Amino acid sequence: MRVSDTISVSVGCGDGSLHAEVKSVDKDEPSTDHIKDELKNDLVTHPGFDVLDAATKATSRSTAHASTSKLENALRNLNVNELSAEDDDEKLSPSSRSAGYTCQRQDITSDFQYDMSHRARGKAVIVNNVNFAPETEMGERTGSEKDADELVDAVRSLGFSTERYSDLTRLQLLRIFQNVSAEDHSDVDCFMFSIMSHGADGGVIYCTDGVLCLEELIHELRGDRCKTLIGKPKIFFIQACRGERLDCGVELPSEDITDEVDSGGTRLSSLVIPLEADFLVAYSSPPGYFSWRNVSSGAWFIQALIKVLKDHGNSLEINQLLTRVNHEVAYRNISNSSMPDFNKKKQMPYYTSTLTKELYFASHKN
C-alpha cells in the first residue's frame, strides 16, 4: 500500500516539539500551512489530544538498507555480548521475576498447537524510544512511558521474563538481536519483542540516531541463524507509523450492527520447515498509515493490546487475542485534535503471520 500522491504529510510527535509540514496538497484540499504552530500549541495546552507516531519525512527502504548494511559491517568487529540489558528485573531474585505466574505442565501436545510446556515461557524484549537526535527531525514521544510500564506488567503476567530498554541507537538494537540469536532457547516456549517508536513507510522504524528496517531484526531470528528457536513462535508487536495516510473511517449502516463481536504435496519422513516459519508481526496500523498515541493515556494499539493480554491472555489463542485488539482500536478510538485535518480519524491494527500452529499462553501445571 502506497502513500497517496495527492498529499504527503510529515509529522514528528512530542510535547512541545511536534510539528508537521505539507509537502504537496491536492487542489481540492485546503491549505495546511498552519499545522506546525497549531500542533505545537495543542500539545502545550491540551495534553489529552492524540498525536501521530510519524516520521517527519518519507524514508525509502533503500535508504534504510544502506544504513543497516554499514551497521552490519561495524557489528562484525563487536562482541555480541558487549551490551548488557537494562532489565528492570535485575534487582529481583530469579524466583520473583515472573510474579503471579505459575508454571503448570501441559501434558497434551498436538500437531496443531505449539508446545508451551518448557521450563520457562521465554524472554520479552521491550524497547521504548522517546527521545531522538536533532538530525532525525523526530519529536519526543510523550506518553509512551505509560505504555511501556503497563506492557511489561501484562507480559509478565503471562510468564515472560522481561528486558526493557529506552532510547536505543541502531547499533544497540541490532546488537541486542545478535545476543538473542546467540542464546540457547532450548528450554523456553517462545520469544517476544515489542518496540514503541516513530516509523515510516517501507518497514522502517526509528532509533535515536536514525532509521532501521524491521526485517534486519527478524533476519537474526530465522531458522538458519537461531537454531534453538526453530519451530517456536517469535512474536513482534510494533507501535509506529507506517506511512502518511490518515484513516477517515466509514459509517457502519445500522442494519449491519447485529453482533459485535490448492495444491497437493508429499509428506516427508524427516521434518523440514521454511526459514521464515513461526513468526507473527503485529503492527499498530496497515502499510502506509499513521498510528495514533494519546499523550496522556498512551498509544491506542499498545493500550488495547495490554487490556486484551491482561483480560484474555491465559485463555484465548493468539489470533483471537489480536482480533479483539483490532476490535478495541477500531471501535473504541477516534482522534481528538483542534486541527480539522487530524480530528475524528481512525486506526486499524494489522498483523501478518507465518505461525504454523495455534498459540496459547495458558499457564502450565507442574
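Student: How many contacts beyond four places in sequence does the model have for residues 56–62, where pLDDT stays under 50?

Tutor: This is a predicted model, and pLDDT is the predictor's confidence in each residue. Over residues 56–62 that score stays under 50. Contacts beyond four places in sequence still exist for the stretch, and they number 24.

Student: Which other stretch stays under 50, with 98 contacts beyond four places in sequence?

Tutor: Look at the start of the chain. There, pLDDT stays under 50 as well, and the model has 98 contacts beyond four places in sequence. The stretch is residues 1–36.

Student: What share of the residues score at least 70?

Tutor: The protein averages a pLDDT of 78. The share that scores at least 70 is 66%.

Student: At which residues does UniProt place the feature "active site"?

Tutor: The feature comes from an unreviewed UniProt entry. The positions spread over 44 residues of sequence, yet they cluster in space, with a largest C-alpha distance of 6.1 Å. UniProt places the feature at H198 and C241.

Student: Is H198 buried or exposed?

Tutor: H198 sits in the loop between β6 (188–196) and β7 (199–200). Its relative accessible area is 0%. The cut-off for burial is under 20%, so H198 is buried.

Student: Which residue's backbone oxygen lies 2.8 Å from a polar atom of the H198 side chain?

Tutor: The partner atom belongs to the backbone, whereas H198 contributes a side-chain polar atom. The two atoms lie 2.8 Å apart. The backbone oxygen is that of G139.

Student: Where is C241, and what is its relative accessibility?

Tutor: C241 is in the loop between β10 (234–239) and β11 (243–245). C241 counts as buried because its relative accessibility is low enough: 1%.

Student: How many disulfides does a search of the whole structure find?

Tutor: Consider some cysteines first. C190 is buried at 1% relative accessibility. C213 is also buried, at 1%. The search of the whole structure gives a disulfide count of zero.

Student: Which element gives the most residues to the largest nonpolar core?

Tutor: The core has 42 residues, and V155, F160, M192, F237, I318, L359 and F361 touch the most other members. Elements that each supply at least two residues include β4 (120–128), α3 (144–157), β12 (279–283) and α7 (318–332). With eight residues, the top contributor is α6.

Student: Which residues is I318 in contact with, leaving aside its neighbours within four places in sequence?

Tutor: I318 is among the core residues that touch the most other members. Set aside its neighbours within four places in sequence. The contacts are then L280, L355, L359 and F361.

Student: How many residues make up the second, separate core?

Tutor: This core includes V180, F193, L214 and A240. The second core is separate, and its size is 27 residues.

Student: Which side chains does R164 join through polar contacts of 2.9 Å and 2.6 Å?

Tutor: R164 is in strand β5 (residues 161–166). At 14% relative accessibility, R164 counts as buried. The contact of 2.9 Å goes to E145, and the one of 2.6 Å goes to D149.

Student: What distance separates the C-alpha atoms of R164 and V127?

Tutor: Along the chain, R164 and V127 are 37 residues apart. In space, their C-alpha atoms are separated by 5.9 Å.

Student: Is D278, with a positive phi, buried or exposed?

Tutor: Most residues other than glycine have a negative phi. The phi of D278 is near 70 degrees. D278 lies in the loop between β11 and β12. Its relative accessibility is 2%, so D278 is buried.

Student: Is K344, also with a positive phi, buried or exposed?

Tutor: Phi of K344 is near 55 degrees. K344 is found in the loop between α7 and β16 (350–353). Its relative accessibility is 57%, and the cut-off is over 50%, so K344 is exposed.

Student: Which residue's backbone nitrogen lies 3.0 Å from a polar atom of the N294 side chain?

Tutor: N294 is in strand β14 (residues 292–294). N294 counts as buried, at 9% relative accessibility. A polar atom of its side chain lies 3.0 Å from the backbone nitrogen of S297.

Terms used. Residues numbered from 1 in each chain as written. Predicted model: local features only at pLDDT ≥ 70, side-chain atom pairs only at ≥ 80, totals over all residues. Heavy atoms only, no water. Helix = DSSP H or I, 4+ residues; strand = E, 2+ residues; numbered from the N terminus. Buried < 20%, exposed > 50% of the residue type's maximum accessible area, 1.4 Å probe, protein only. Polar contact = N/O pair within 3.5 Å; in protein donor to acceptor, adjacent residues only side chain to side chain. UniProt positions renumbered as here; feature names shortened; annotations may be inferred. Disulfide = S-S within 2.5 Å. Core = buried A, V, L, I, M, F, W, Y, C linked by side-chain atoms within 4.5 Å. Contact = heavy atoms within 4.5 Å. pLDDT = per-residue confidence, 0-100.
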